[in-house]
Amino acid sequence: MKNPEFDVVVIGGGPAGAVAAGLLAKGGVRVALAEQKRFPRQKVCGEFMSAAARVALADMGLVSAFDSVAGPAMRRVWVCPPYSAVVEGNFCADAAGEYPRAIARDTLDDMLLTRAKQFGTAIFQPCHVVRVIGDAKQGFRIERREGIPLSSRIVVLAHGLAGRGDMADGPSDAVAHRGYLCFKAHLSPADLPDDVTAIGGMRGVYAGLIRTSEATMSYTARDGQPPRYNFACVASRSVMQAVGGPEGVLRQVKLVNTHFGRMLACSKPLSPFYATGPLTPGVRQTYRDGRFFVGNAAGEVHALVGEGMTLAMLSGRLLAQTILAHGGCSQPDEAGHAYSHLWHREFAHRYMAGNIFSRVLMNPLVSAMAAGALDAFPELMQWCMRFSGKPAA
Ligand SMILES: Cc1cc2nc3c(=O)[nH]c(=O)nc-3n(C[C@H](O)[C@H](O)[C@H](O)COP(=O)(O)OP(=O)(O)OC[C@H]3O[C@@H](n4cnc5c(N)ncnc54)[C@H](O)[C@@H]3O)c2cc1C
C-alpha cells in the first residue's frame, strides 16, 4: 500500500485502544481509531479500578478529571459467603498512597476517547471493522462496514474479546468459560460503607458490589438521588436459565445470600441490566507481522480479579512507549518484538496468576471453604490480593 493515510489504525475504542491511540498521537504519530459503537455506551464491568492504572491516566492528563468523577477510595473488602459471617480484609495503598476506586464505564471510556481525539487521533465512530488485510512490509488496508477502507503502516488490535474472525486469529491459550455469562446493573440505594467492596454470591454465581461514580453519561441522574452502586455478576448459564436471566439472578442472590439480601434490601435498578459472555480468560498474542495486540485482545484476565481495565490501559501505554522508542512506525518488526518481550515480562504472570486464582475460587468446594480459611488465616487475604495483582502488606 503506497502512501498510507495513517501511520497507525487502532481498532477498538475501549481503555486499551484509547490509551494507545492517545499516547501515540501525543508523540506525533498519525493515528486513526475505529470504534463500532457510539459513545457514551455502558459495558459489563465491575468498575473496580486499581491505583496502578493512574500512571496511564497521568500520561493522558486525566488524573484530576478521574478524581473528580470516580467513586470513593476502596480501603476494605468484604467476602460475603452465603451461609456464614462476613470476612473483612484491607486493600493496601500503592507506593503513592493511592487506593482503588470505581468509575462508571461509559464515563471512563468516553473520557479516554475524548482525550485521544484532543491529542490528534482521527476518530471514526461508529465504524465497524470487518477485515484487516496486509503485513508489516506492505502496510494495511482496514475494511469497514461504513465507507471506504482506511490504510496504515501498522494496525493495533484493541477490539476486546476474542472470536472476531480475521482480527483475532493466531495462537492463544484462552479458554472459553462457555458455562458462564456476565451482567451488571447500577442500583441504589445499598447498605454498604463507602470504602468497602463486597464480593460473594451463591453456588454458580459470583457477584461484586461497589459504590461507583455519581456521574454517568448513559442515563440521567435525578436530583437528590442516593449514591449509586455497581452490581456485577458472573453466573453459570444453568442458573441464569433457571431463574429467568439477570433480574432473576439478582433476586436469587438477595434471597440466598443474607449479606447481599441485607445490603440490597431497598435497592432499585437505576439502569438497564447489561449482559455479555462467555468469559475467555487467557493469554493470546501480542505481535504478528505488523499487527499489535493490546488489552483483552492480547490477554484477558478473569472478571473476578478486577484488573482488566488496568491491564488494558497499561498495555496501551506500553505499546505507545515502545513504538515511539523505536522511531515511530518505520521498524514494525523491531518494535513488535520489543513490545512482546516487555508485555510478557510486565504482564504475563499477572494474567496467569489471576486466572489460576479465579479458576480455583470458582470451584464450588473451594469457594465454600475459602471464607472459613480466610477467617482463620487473615494473612491468606493479603496473599490472595498479591496473587491477583493488587498491592499487599
Ligand atoms: C463481569 C465482568 C466484570 C469485570 N470487572 C472488572 C473490574 O471490576 N475491574 C477491571 O479492571 N476490569 C473488569 N473487567 C474486565 C474489563 O471490563 C476488560 O478487561 C476491559 O474492558 C478490557 O478493555 P479493552 O480496551 O481491551 O476492551 P474493551 O473494553 O472490550 O473495548 C473494545 C472496544 O472495541 C470495540 N470493537 C470490537 N470489535 C470491533 C470492530 N470489529 N470494529 C470496531 N470496533 C470494535 C468495542 O465496541 C469496544 O468498545 C470485567 C469484565 C467482566 C466481563
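Here is a student and a tutor talking through this predicted model.

Student: Let's start broad. How many helices and strands does the protein have, and what share of its residues is buried?

Tutor: Sure, this is a predicted model, so keep that in mind as we go. The protein has 11 helices and 20 strands. Of its 393 residues, the buried ones make up 55%.

Student: What share of the contacts with a separation of 6 or more comes from residues 24 or more positions apart?

Tutor: Here we set aside pairs with a separation under 6 and look at what is left. Within that set, residues 24 or more positions apart account for 75%.

Student: What about the outside: how much area does the protein expose, and what share do carbon and sulfur atoms supply?

Tutor: The exposed area of the protein is about 16,200 Å². The share from carbon and sulfur atoms is 56%.

Student: Now the ligand. How many residues surround it, and which are the closest?

Tutor: The shell holds 36 residues. By class, 15 are nonpolar, 13 are polar and eight are charged. The closest are E35, G46, F48, N296 and M309.

Student: Which helix gives the most to that shell?

Tutor: Two helices to look at are α1 (15-26) and α8 (308-325), as each supplies at least two residues. The one that gives the most, with four residues, is α8.

Student: Which residues put an N or O atom by the ligand, and how much of the ligand does the protein bury?

Tutor: The side chain of K43 has an N or O atom 3.0 Å from a ligand oxygen. From the backbone, F48 places an N or O atom 2.8 Å from a ligand nitrogen, and a polar backbone atom of N296 is 2.8 Å from a ligand oxygen. Taken alone the ligand exposes 1,000 Å², and the share of that buried by the protein is 94%.

Student: F48 has come up already. Which residue in the loop between β5 and β6 touches F48?

Tutor: The loop runs between β5 (87-90) and β6 (101-102). One residue found there is buried, with a relative accessible area of 6%. Leaving out residues up to four places away in sequence, its contacts are F48, M49, S50, A51, P72, A73, M74 and F91. That residue is P100.

Student: How far apart are the C-alpha atoms of P100 and T197?

Tutor: Along the chain, P100 and T197 are 97 residues apart. In space, the separation of their C-alpha atoms is 9.9 Å.

Student: Is β11 enclosed or open, and why?

Tutor: Go face by face: Y180, C182, K184, H186 and S188 are on one side, with L181, F183, A185 and L187 on the other, and both sides are covered. In a regular strand, side chains alternate between the two faces of the sheet. Nine of the nine β11 residues are buried, so the strand is largely enclosed.

Student: Which strands pair with β11, and in what sense?

Tutor: With β14 there are eight bridges, and H186 stands opposite N230. With β16 there are three bridges, including K184 opposite Y274. With β15 there are two, where L187 has P269 as its bridge partner. For β14, β16 and β15, the sense is antiparallel.

Student: Where does helix α6 come in, and which of its residues are buried?

Tutor: Helix α6 covers residues 246-256. Its buried residues pack against β11, β12, β13, β14, α5 and α7. Those buried residues are P246, G248, V249, L250 and V253.

Student: In the hairpin of β9 and β10, which residue takes a positive phi?

Tutor: Strand β9 pairs antiparallel with β8 over six bridges, and a hairpin of three residues joins the two. On to β10: β9 pairs with it over three antiparallel bridges, with I142 opposite L150. The hairpin of β9 and β10 has five residues between the strands, and the one with a phi near 80° is G147.

Student: Last one: is R350 buried or exposed?

Tutor: R350 sits in helix α9 and is in contact with V301, E307, L311, L314 and G389, leaving aside neighbours within four places in sequence. The cut-off for buried is under 20% relative accessible area. R350 has 17%, so R350 is buried.

Note on methods. Residues are numbered from 1 along each chain as its sequence is written. This is a predicted model: local features need pLDDT of at least 70, side-chain atom pairs count only at pLDDT 80 or more; totals for chains, interfaces and linings use all residues. Side-chain values use heavy atoms; hydrogens and water are left out. Buried means under 20% relative accessible area, exposed over 50%, partly exposed in between (1.4 Å probe, protein chains only). Contact means heavy atoms within 4.5 Å. A residue is near a molecule or strand if one of its heavy atoms lies within 4 Å of it. A polar contact is a pair of N or O atoms within 3.5 Å; within protein, one must be able to donate a hydrogen and the other to accept it, and residues adjacent in sequence count only if both atoms are side-chain atoms. Accessible areas come from the Shrake-Rupley method with a 1.4 Å probe; for residues, only the protein chains shown count as cover. Ala, Val, Leu, Ile, Met, Phe, Trp, Tyr, Cys and Pro count as nonpolar, Asp, Glu, Lys and Arg as charged, and the others, Gly among them, as polar. Two strands pair if DSSP finds at least two bridges between them.
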